Amino acid sequence: MAAKPTYKELEQKIREFEQGAEKRAETGGTIDLQTQILSSIKDTIVIITPEMKTIYANQTAKDLFGDRPEMFTEPCYRFFKNRDTVCENCPVLKTIQYEKPHKAVMKSYDKNGEEMWRFNTAFPFYDRDGQVIAGIEIVTDYTPQKRTEIALQESEERYRAFFHNMSDGVAIYEARNEGEDFIFVDFNKAGERIESIHKKTLIGRSVLEVFPGIKDFGLLDVFKRVWETGKPEHHPIAMYKDKRIAGWRENFICKLPSGEIVAIYSDETERKQVEEALGKSEEKYRNIFNNAQVGIFRTRISDGKVLECNDQFARTYGYKSPEECINDFVVSEHYTDPGARKKMMDSLLEKGEVINLESCFNRKDGDEVWIRFSAHAYPEEGYLEGVGYDITEQKQAEEALRESEEKYRLLIENATDAIYIAQDEVLKFVNPKAEEMTGYSAEELSKIPFVDLIHPEDRDMVLERHVKRLKGEELPSIYSFRILSKSGEKLSVELNAVIINWEGRPATLNFLRDITAQKRLEAQLQQAQKMEAIGTLAGGIAHDFNNLLMAIQGRASIMLMSKDSSHPDFEHLRGVEGHVKSAADLTRQLLGFARGGKYEVRPTNLNELIKEESRMFGRTKKEIIINSKYQDNLWSVEIDRGQIGQVLLNLYVNAWQAMPGGGNLYLETENVTIDENYVKPFSIEPGRYVKISVTDTGVGMDKATREKIFDPFFTTKEMGRGTGLGLASVYGIIKNHGGFINVYSEKGHGTTFNIYLPASEKEVIEDKKPSVDILEGSETVLLVDDEDMIIEIAGELFKELGYKVLIARGGKEAIEIYEKNKERIDIVILDMIMPDMSGSVTYDRIKEIDPDIKVLLSSGYSINGQATEILNRGCNGFIQKPFKVKELSQKLREILDEDIA
């Protein structure tokens, strides 16, 4: 491990880094990318050593904290935080200690000494040896959020204090069984005192259980109405009684936005007892005065001290009785606007009276109450008399209406759908999303015919529906079409329209949703399903075709074994083999597209495979200049090397054809880690991948061509010059390996294909060099295949090579033959796809009989990676049809002789 650098060495590295950047800038060179990034970021960025010394600060840090020498001489906690010790949870210290990023919200002070909160994120700073030598700290302003948090906490504490210190009882309930019962959610201290009960015994219990007399009392019906209508109600003073308590209660019930209901009530028992003692002599007056539905009062002109009032007046201002109100209430002290009383008194003394004047007051409990009152002044006596109506509910309704209008305005303005009214062939009352989606301002939309926004191919349909809807005809309210934005961009949209009256005339209220991305995903799904179906067909064709080629190849091989190069048929037979190879290459492309061509999968270093394939390609295409950039220590990948070689060759040929006059081909490999957001469209897992980039300087592609290049049989070449399977097989092979491929190209600006293959933890396995001769043997072979033409020709091949052959035309027959002849059978040649029993099941059954038997898989098509699965279970090897006699002879000796080796 490298020695830890000193503080001075760190300073010298930073200084060299900055001086190097300045020198390159002065000489016209490119400033280091890191310098550009640090200079352009507006957040505070500092680099801090393990000794808590600042060795670098960007301009934002200097502007905020002051460009003073102390920034680089004092410990960071003293300069930035005004502390004498290291900050608790210091993210830089943790980053250096654990060598990974850390975050924290911390308090600091700017150059003026103002307190501020900052969100600190620290990252490790590495030297060239990969050692963490400092921490890079990025600081963003968190002061507004922190102040908001503190304000919310203080607000909650005020509410709690208010709730628990009210003189009236307050209970909060949650409805159950559609309002037939209510459950206690909260209960204040006054309620505990009034009802002689503890809050902890109430929460979560039914009000019918705790206060069984509530139903006869009539309050439960009020609860239900308020819960259903949301309209507050006053339950007047009445006698409540059950087996535990009895007393006079007055209730005010309202509903919270959360759906809970609140009962604010007072114990009126004592006042009722006093009233009853007043006697019948005052009954008539009391009935008229106290039972009036309006507040009646007499107050002193000088300060508004209440001299006399009725119950309604007292209740309106939050008092339990007129007596309490008279003893405590001074009107001048309860105006929410202190200047309002002076204006009222000036008018009253000038005119002698005021009629229906509205003012807002603070109740005893602090709540606001709106009063509409009329009064007459008696200056000589020093008092005024009047009546007042509680219009709080009306004001609240007006405020609720205003809030409702504001809420819906905010909803419309912030909606993710475009909302507008269509009338007189133009758009009215458009929200910001409609302006954003169309690219037109609200004023422009009110002047241009809305049909101009619709794609020409969809205009008649949309206009017809609009006219029919205005006539009252029933139509599906939701349908989709295309629009054109101001910039000419084509968008797919979904419309939901309803008939309304707007300014006294019919119109439609429209909700327009951009479904362009959804349509694109639907098209991708249809494309994937189409390619899957074609792939299944291609796999079946390839399987049968490979069997035919195997028969042709086998016969040609047998005839060649008995002829030397001077024979007149020798060249013809070699020509047959050449045509078989060309047909087999075409079949491999079909198999790649069908995702059935992955057989022998081994950990591989892609750098070596790409170098080998590019060298072979470069020898034949001298006009192409190949440039390469390979990642050091490239992660291994588990691949079928033949298949990935086919992918690379297809991309090289594709690039060559795009550069008819020659050009540059750039090859690059890179270790990458991909997150979930990036891989989501490709339906693969996030994690470590090896990236291969193949870039050419050719003619490029337009958007229409890019969308079809991976389609099977699509080609831009003239008839007979291409099959259209090359890139389709590339796509299938990469998908079959658990990776994905994308393409970037513009007309006239070349093309880049990026391939991502999952990285592996396994060590790379080097290829063995094959022998150049036909190798013979004398062992006994059990050949398992359901195709007569394969059995016939393969049997001949084995005999020509000196082997004894037993034939099985299916899996069940193979098991029977093997059980009878297991002592003499040395190796089994097993086809994978058979009708009665699959090659996979046959392999497992034979292995059960003899775990040591050697098995060579032979197939022209692998469904869902079956070949790889069997090889992973211990199968000795694989040979793909059609194969030559030399390949077969070498593969047999490789497996049969491996114990000897």
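This is a selection-by-selection tour of a predicted model, going from the whole protein to two sets of paired strands and a cavity.

**Whole protein**

Start with everything displayed. The protein has 901 residues, of which 44% are buried. Its secondary structure comprises 32 helices and 32 strands. Colour by element with the surface on: the accessible surface comes to about 49000 Å², and carbon and sulfur atoms hold 50% of that area. If you draw contacts, take those with a separation of 6 or more; 57% of them are between residues 24 or more positions apart.

**Strand β10 and its partners**

Select residues 261–267, which form strand β10. Is this strand enclosed or open to the outside? Five of its seven residues are buried, so β10 is largely enclosed by the rest of the structure.

Add residues 246–255, strand β9, which runs antiparallel to β10 and is joined to it by seven bridges. To check the register, label Ile253 and its bridge partner in β10, Ala263. Then move to the turn: five residues separate the strands of this hairpin, and among them Gly259 has a positive phi near 100 degrees.

Next add residues 169–176, strand β6. β6 pairs with β10 in the antiparallel sense, over five bridges. Here the pair to label is Ile172 and Val262, the latter in β10 and opposite the former.

**Strands β18, β19 and β20**

Clear the selection and show residues 478–484 (β18), 490–502 (β19) and 505–514 (β20). Begin with β18 and β19, an antiparallel pair with seven bridges. Ile478 has Asn496 of β19 as its bridge partner. The two strands form a hairpin with five residues between them, and Gly488 in the turn shows a positive phi of about 95 degrees.

Follow β19 onward to β20. Which way do these two strands run, parallel or antiparallel? They are antiparallel, with ten bridges joining them. Ala497 and Asn510, the latter in β20, are bridge partners. β19 and β20 also form a hairpin, with two residues between the strands; Glu503 in the turn has a positive phi of about 55 degrees.

**Ser492**

Staying on β19, centre the view on Ser492, which lies in that strand. Why does Ser492 count as buried? Its relative accessible area is 17%, and the cut-off for buried is under 20%. Show what is in contact with Ser492, leaving aside neighbours within four places in sequence: Phe481, Arg482, Arg513, Asp514, Ile515, Thr516 and Lys519.

**The largest cavity**

Keep β18, β19 and β20 on screen and turn on cavities. The whole structure holds five cavities of 30 Å³ or more. Go to the largest cavity, which has about 230 Å³ of space.

Which residues lie nearest the centre of the largest cavity? Select Tyr420, Leu427, Phe450, Ile454 and Phe481; these belong to a lining of 21 residues. Phe481 was also on the contact list of Ser492.

Now add β16 (418–423), α18 (432–438) and α20 (459–470) to the three strands already shown. Each of these six elements, β18, β19 and β20 included, supplies at least two residues of the lining of the largest cavity. Finally, colour the lining by residue class: 16 residues are nonpolar, four are polar and one is charged.

Note on methods. Residues are numbered from 1 along each chain as its sequence is written. This is a predicted model: local features need pLDDT of at least 70, side-chain atom pairs count only at pLDDT 80 or more; totals for chains, interfaces and linings use all residues. Side-chain values use heavy atoms; hydrogens and water are left out. On a 1 Å grid over the protein atoms alone, a cavity is a set of points where a 1.4 Å probe fits but cannot get out, and a pocket is an open set with protein on both sides within 12 Å along at least five of seven lines; lining residues have an atom within 4 Å of a point. Grid points are joined across faces, edges and corners, and a volume is the space filled by probe spheres set on the points. Helices (H or I, at least four residues) and strands (E, at least two) are DSSP runs, numbered from the N terminus. Ala, Val, Leu, Ile, Met, Phe, Trp, Tyr, Cys and Pro count as nonpolar, Asp, Glu, Lys and Arg as charged, and the others, Gly among them, as polar. Buried means under 20% relative accessible area, exposed over 50%, partly exposed in between (1.4 Å probe, protein chains only). Contact means heavy atoms within 4.5 Å. Accessible areas come from the Shrake-Rupley method with a 1.4 Å probe; for residues, only the protein chains shown count as cover. Two strands pair if DSSP finds at least two bridges between them.
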